[in-house]
Amino acid sequence: MRMGTVTHSIKTTPLCINEPSMKRTRKSLLLALSWILLSVGTSILIILTQPIAPAPAQEPATTTVETTDTPNTEKPAATEPKKPDAAEEPALTPEEIARQQKFIEADKLYLAGKIADAEKLYREVKAPFAKTDTPSQERKPVILDPTQLSPGGKVYWREAEAGIAAKLQTRTLVALKLLVENNPEFIPGHIRYAEILKQYNSPKEALDILERASSLYPDQPDLIKARVTALASEKKWMEASLAARQFAMLYPNNPQAEEFTQLAEQNLKRYKSHIRAEIRGNAIANILTGALGYAVTGSLLGPFSALDSTILLLQGEGSVGESVAKQAKKQLPLVKDEQVLAYVNEIGQKLVKVSGRNEFKYEFFVLSEEELNAFALPGGKIFINAGAIAKSNSEAELAGLIGHELSHVVLSHGFQLVTQGNLISNVTQYLPLGGTVGQLFALSYSREMERQADTLGTRLIVASGYAADGLRNLMVTLDKQKKNAPPSWLSSHPGGNERVSYLENLINRGNYNRYTYEGVERHTTIQAKVKQLLKEKKEQEDKKRRS
């Protein structure tokens with residue numbers, strides 16, 4: 001009825017209603033136009049005057065002791081549903097205790113330099129991968145000259161060359177496929193196969209070939225250079241930069257190490273330039289959208305939010321991480337125990353040293369939450385739940401979790417997401433955190449991003465001296481613990497048997513060492529302390545509820 005009355009009045013008295021309305025509309029449009037000109041001009045000026053590079057890298061923090069006295073805050077969405085606390089977990093069986101003791105003994109032998117004896121013990125207590133283990137094969141010596149190939153290899157190479165000359169796609173690809181399968185030690189074969197795949201519009205398959213080959217022979221500069229070039233040609237500049245930098249870091253005595261360092265810097269510069277261009281384009285579009293919104297609603301929040309977000313993003317990943325982490329540390333329940341913090345920080349900084357990016361100030365925080373969970377903010381701010389320590393079985397497993405999250409930072413996954421689409425205009429919503437903590441912490445990484453983080457994370461723990469199956473074993477641990485509901489970390493990450501199998505294949509293909517340092521004894525000591533802290537927190541919360 002009310003709507004009918006309004007409609008009727010508009011129809012019967014158009015002059016009384018529309019004349020002032022038209023004046024207000026013209027005024028709003030003039031104000032909107034003024035705002036558009038002002039905001040665009042101001043934003044362009046600010047954007048153009050922002051520094052191109054982020055702030056210089058700072059020395060990594062030695063400890064993460066900044067804490068808050070506010071234990072009861074709203075939990076991130078990623079930490080639900082509620083699960084039994086660590087103190088309610090069943091005690092270890094005699095068999096598990098015996099296995100744990102063998103790990104401790106093997107770790108002591110490893111730390112004492114008795115590597116062969118340690119490996120023997122590790123092999124006794126570690127079962128083979130059920131589905132993916134194959135008889136171990138020694139890596140064959142590299143072949144660079146086709147004249148050194150086996151008779152069969154020479155035939156495949158000649159067929160491939162003939163197919164290339166005659167421009168016969170099937171003949172060429174079949175010969176090269178058989179060549180790399182039967183003679184993986186022949187480095188030019190992988191490079192040529194990737195080149196031909198790209199020529200026939202299969203760049204993804206070309207990258208897969210080079211990735212597998214570089215896993216087998218990571219010390220071959222021509223192979224790594226071909227992979228860096230292929231990644232860059234697909235605009236994967238960050239991955240290209242890391243591939244080049246890791247070669248330079250792992251093989252500093254190689255004559256081409258300096259060249260790879262330069263390649264890393266060039267591709268990192270391309271990546272940053274690309275991101276800045278995206279930010280500028282999205283910012284202007286969002287400011288215009290906000291200005292039009294002002295004309296309709298009279299609210300200046302939209303334009304100012306977009307402008308503030310742009311300034312923050314243009315300052316770089318480190319600035320975004322610092323801004324959000326500053327608020328997170330005020331609102332989230334941080335563990336204060338210095339021994340626990342030092343343990344996590346030591347593992348994290350060890351992985352940072354081989355990560356390939358040193359422009360961030362990496363910090364590692366522990367949350368007083370019992371769920372097995374972790375998240376990373378852009379710029380190197382990584383938060384680990386105490387439950388991750390309580391529920392993992394070794395330092396190597398915890399390193400696998402930290403390595404995965406660190407890889408998201410190193411690969412700029414989170415920063416890429418917040419610079420895409422409408423997220424750029426909403427970044428300022430996240431800075432005060434409020435009720436949106438879970439949204440930021442559970443960034444929707446793509447399947448490719450998750451696989452990249454698994455791959456790099458595994459390589460980081462291997463390069464740091466941990467057992468290669470740390471992350472894989474954590475996935476198995478999670479699978480055993482999930483019962484009725486998956487652990488929160490798995491609920492926001494791809495999981496299941498597929499992921500375990502992928503990690504097993506990665507370890508086998510790369511010939512990574514599973515039979516090395518696990519770090520069980522030290523982990524068990526810290527784990528007991530963490531469980532006690534979680535128990536005390538629960539008791540305090542129960543007491544508050546009762547009172």
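A residue counts as buried when its relative accessible area is under 20%. With a value of 5%, A374 is therefore buried. Keep that cut-off in mind as we walk through this predicted model, since burial is a thread that runs through much of what follows.

Let's begin with the whole chain. The protein has 24 helices and three strands. Of its 547 residues, 48% are buried. If you take the contacts between residues at least 6 apart in sequence, 75% of them join residues at least 24 apart.

A374, our opening example, lies in strand 2, which covers residues 374-377. Its C-alpha atom is separated by 9.4 Å from that of G387, and the two residues are 13 apart along the chain. For a contrast in exposure, turn to A342 in helix 14 (residues 338-352). A342 has a relative accessible area of 31%, so it is partly exposed. From A342 to F365 the C-alpha distance is 9.8 Å, with their positions 23 residues apart in sequence.

Now let's follow a run of helices, starting with helix 7. This helix has 13 residues, and its first and last C-alpha atoms are 19 Å apart, close to the 18 Å expected at 1.5 Å a residue. Its buried residues are I187, G189, H190, I191, Y193, A194, I196 and L197. They pack against helix 5 (151-166), helix 6 (169-182), helix 8 and helix 9. After helix 7 comes N201, a residue with a positive phi, near 60°.

Next along our route is helix 8, residues 203-216. Its 14 residues should span 20 Å at 1.5 Å a residue, and the end C-alpha atoms are indeed 20 Å apart, so expectation and model agree. The buried residues here are A206, L207, I209, L210, E211, A213, S214 and S215. Among the elements that cover them are helix 7 (187-199), helix 9 (221-233), helix 20 (447-463) and helix 23 (497-509).

How do helix 7 and helix 8 sit against each other, and at what angle? Their axes are 7 Å apart and the packing angle is about 165°. An angle over 145 degrees counts as roughly antiparallel, and therefore these two helices are roughly antiparallel to each other. The crossing of helix 7 past helix 8 is left-handed. On the helix 7 side the contact uses H190, I191, Y193, A194, L197 and K198, and on the helix 8 side P203, E205, A206, I209, L210 and A213. Sorted by class, this contact has nine nonpolar residues, one polar and two charged.

Helix 7 also meets helix 9. Here the axes come within 9 Å and cross at roughly 15°, which makes helix 7 roughly parallel to helix 9. This crossing is left-handed too. I187, H190, I191 and K198 from helix 7 meet D222, L223, A226 and S233 from helix 9. The class make-up of this contact is four nonpolar, two polar and two charged residues. H190, I191 and K198 are also listed in the contact of helix 7 with helix 8, so it is worth selecting them in your viewer to see both sets of partners.

From helix 9 we can move on to helix 10, residues 237-250. The axes of this pair come within 7 Å and cross at roughly 165°, and the two helices are therefore roughly antiparallel. Their crossing is left-handed. Helix 9 contributes P221, I224, R227, V228, L231 and A232, while helix 10 contributes W237, E239, A240, A243, A244 and F247. In this contact there are 10 nonpolar residues, no polar ones and two charged ones.

One last stop ties in with that pair. N267 is found in helix 11, residues 257-297. Is N267 buried or exposed? Its relative accessible area is 2%, so N267 is buried. Which residues does N267 touch, leaving aside neighbours within four places in sequence? They are V228, A232, W237, A240 and S241. Of these, V228 and A232 belong to the helix 9 side of its contact with helix 10, and W237 and A240 to the helix 10 side.

Terms used. Residues numbered from 1 in each chain as written. Predicted model: local features only at pLDDT ≥ 70, side-chain atom pairs only at ≥ 80, totals over all residues. Heavy atoms only, no water. Helix = DSSP H or I, 4+ residues; strand = E, 2+ residues; numbered from the N terminus. Expected span 1.5 Å × (residues − 1). Buried < 20%, exposed > 50% of the residue type's maximum accessible area, 1.4 Å probe, protein only. Contact = heavy atoms within 4.5 Å. Axes fitted to C-alpha atoms, helices over the stretch in contact; angles between N-to-C directions. Parallel < 35°, antiparallel > 145°, perpendicular 65-115°, else oblique. Left-handed = near helix turned anticlockwise from the far one by under 90°. Nonpolar A, V, L, I, M, F, W, Y, C, P; charged D, E, K, R; others polar.
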